[in-house]
Amino acid sequence: MKRFKKGLVAMALLTLALSLAACGQAPAASDSGKKEEKTAAQKEEKKANLVVAGVVFQEDQFMKLLSLGYQDAANAAGVKILTGNTGNDQGKETELINTYIGQKLDGIAIAPLNQDSSVAALKRADDKGVKVSVTNISLTNAPFIVGGYTSDNKNIGQVTGKEAARFIQEKLGGKAKIAVLQYKSQLPQQSTDRVNGFLEEVKKVNPDAQVVADQDAWLQDKAVSVVGDILTAHPDVNVIWAANEGGTIGAAMAVKNAGKAGKVYVFGTDASYQLIAMLKEKDNILQAIAGQDPYSMGYKAMELLIKGLKGEDVSANKGKTTSVDGILLSRSNPEGIAKFEADLNAKMSK
């Protein structure tokens, strides 16, 4: 009888032990599940509360459209965006990037100032978990970027180069004394690519064309002064080409100020309201420009950045910058100018 009672007690103790073990395991499984759920919820919350920055480097129409593209893409994705401008200052660019790192932003879409010297600060941002996409440039040795969009700078020069080649052949008998305005001290590779593209196309058709002046002048007021001096020093100049908006506007103004309309013809780069108005002026000074699409560059770069931040597969773009061809706007094609202007108005009115 005692053995029987002892057996019952042992069985009861065994059952209790197994029950307690089972009770101890259940909460562990439950806690693990809750942790996974919490982590997933945190990830979704982070995606829903992304904060990004869109950065440009000056206050012209091109950069305003670029910034507008950033903002529209972020707004379409429901993402908070901060905007910044480095003011053509490498030190300020580094400072602004460091500020965004300190604020723990999720990503930066930026138009860097320099294909080489801008890389270090952007790499530091990536190392700190701030993803980067770029616009308006192809960086040297930056495999860490999510991707980017820029103009094909040689193509930008080629677009107006082909039109200038035709003009020089048909209107100037294949002979031209050319003055070039660029921005080599600001963005050397980009400026050089545009110049080379332009001159290659001109000389394919007009081998006797000569470059008699080549200077830096990318801001409007500076370009007015520089071109005025060039026209004094080289009175035989009959074609001027500028690598950017400010240089193009300044060159056309300087020709007008010098009273050389009808004797000196200007070709240039970028497409703003002021340049479009100059193309339509009766003075016949500005002949053609190569328009870019900064809005699309900004929109696509920001869209790509946000997709990457949300966990979508953007690996095909990593470390790459996609080139966008330029658009010719020529005095010889007023219908094309009108269409471009209408599209520009639609974007700027947003």
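This report describes the sheets, the packing around one buried strand residue, and the two largest pockets of a predicted model.

The model is a prediction in which local features need pLDDT of at least 70 and side-chain atom pairs count only at pLDDT 80 or more, whereas totals for chains, interfaces and linings use all residues. Residues are numbered from 1 along each chain as its sequence is written, and side-chain values use heavy atoms, with hydrogens and water left out.

**Overall make-up**

The chain has eleven helices and twelve strands, these being DSSP runs numbered from the N terminus (helices are H or I with at least four residues, strands are E with at least two). Of the 350 residues of the chain, 46% count as buried, where buried means under 20% relative accessible area, exposed means over 50%, and partly exposed lies in between, with a 1.4 Å probe and protein chains only. Among contacts between residues at least 6 apart in sequence, 74% join residues at least 24 apart, a contact being heavy atoms within 4.5 Å.

**The parallel sheet**

Six strands form an open sheet with parallel pairing, in the order E2-E1-E3-E4-E5-E11; two strands are taken to pair if DSSP finds at least two bridges between them. Strand E2 (80-85) and strand E11 (321-324) stand at the edges with a single partner strand each, so one side of each is left without a neighbour in the sheet. On average, neighbouring strands of this sheet are turned by 20 degrees against each other, direction ignored. The parallel strands E5 and E11 are joined by four bridges, and Thr150 stands opposite Ser323 in E11.

Two helices lie across this set of strands. Helix H3 (residues 90-102) lies across E1, E2 and strand E3 (107-110) and runs at about 160 degrees to E2, while H10 lies across E1, E2, E3, strand E4 (131-135) and E5, running at about 165 degrees to E4. These angles run from 0 to 180 degrees between N-to-C directions, with axes as lines fitted to C-alpha atoms, for helices over the stretch in contact.

Val52, in strand E1 (residues 51-56), offers a view of the packing from a single residue. Val52 counts as buried because its relative accessibility is 0%. Leaving aside neighbours within four places in sequence, Val52 is in contact with Val79, Lys80, Ile81, Leu82, Leu105, Gly107, Met302, Leu305 and Leu309. Of these partners, Lys80 is 28 residues from Val52 in sequence, and the two are 6.4 Å apart in space, C-alpha to C-alpha.

**The mixed sheet**

A further six strands form an open sheet in the order E7-E6-E8-E9-E10-E12, and here the pairing is mixed. Its edges are strand E7 (210-216) and strand E12 (327-330), each with a single partner strand, so one side of each is left without a neighbour in the sheet. The twist averages 15 degrees from one strand to the next.

Strand E6 (residues 177-182) pairs with strand E8 (residues 239-242) in the parallel sense over four bridges, and Ile178 stands opposite Val239 in E8. E6 and E7 also run parallel, joined by six bridges, and the bridge partner of Val180 in E7 is Asp214. Five of the six residues of E6 are buried, so this strand is largely enclosed by the rest of the structure.

**The two largest pockets**

Pockets are found on a 1 Å grid over the protein atoms alone, as open sets of points where a 1.4 Å probe fits, with protein on both sides within 12 Å along at least five of seven lines; lining residues have an atom within 4 Å of a point. Grid points are joined across faces, edges and corners, and a volume is the space filled by probe spheres set on the points.

| Pocket | Volume | Element giving the most to the lining |
|---|---|---|
| Largest | about 200 Å³ | H11, four residues |
| Second largest | about 170 Å³ | H6, four residues |

The largest pocket is lined by 16 residues, of which Gln292, Asp293, Pro294, Phe340 and Leu344 are the closest to its centre. Helix H2 (61-76), helix H10 (294-309) and helix H11 (334-348) each give two or more residues to this lining. By class, the lining of the largest pocket has eight nonpolar, three polar and five charged residues; Ala, Val, Leu, Ile, Met, Phe, Trp, Tyr, Cys and Pro count as nonpolar, Asp, Glu, Lys and Arg as charged, and the others, Gly among them, as polar.

The second largest pocket is lined by 15 residues, with Gln115, Ser138, Asn153, Gln190 and Asp193 the closest to its centre. The lining of the second largest pocket has four nonpolar, eight polar and three charged residues.
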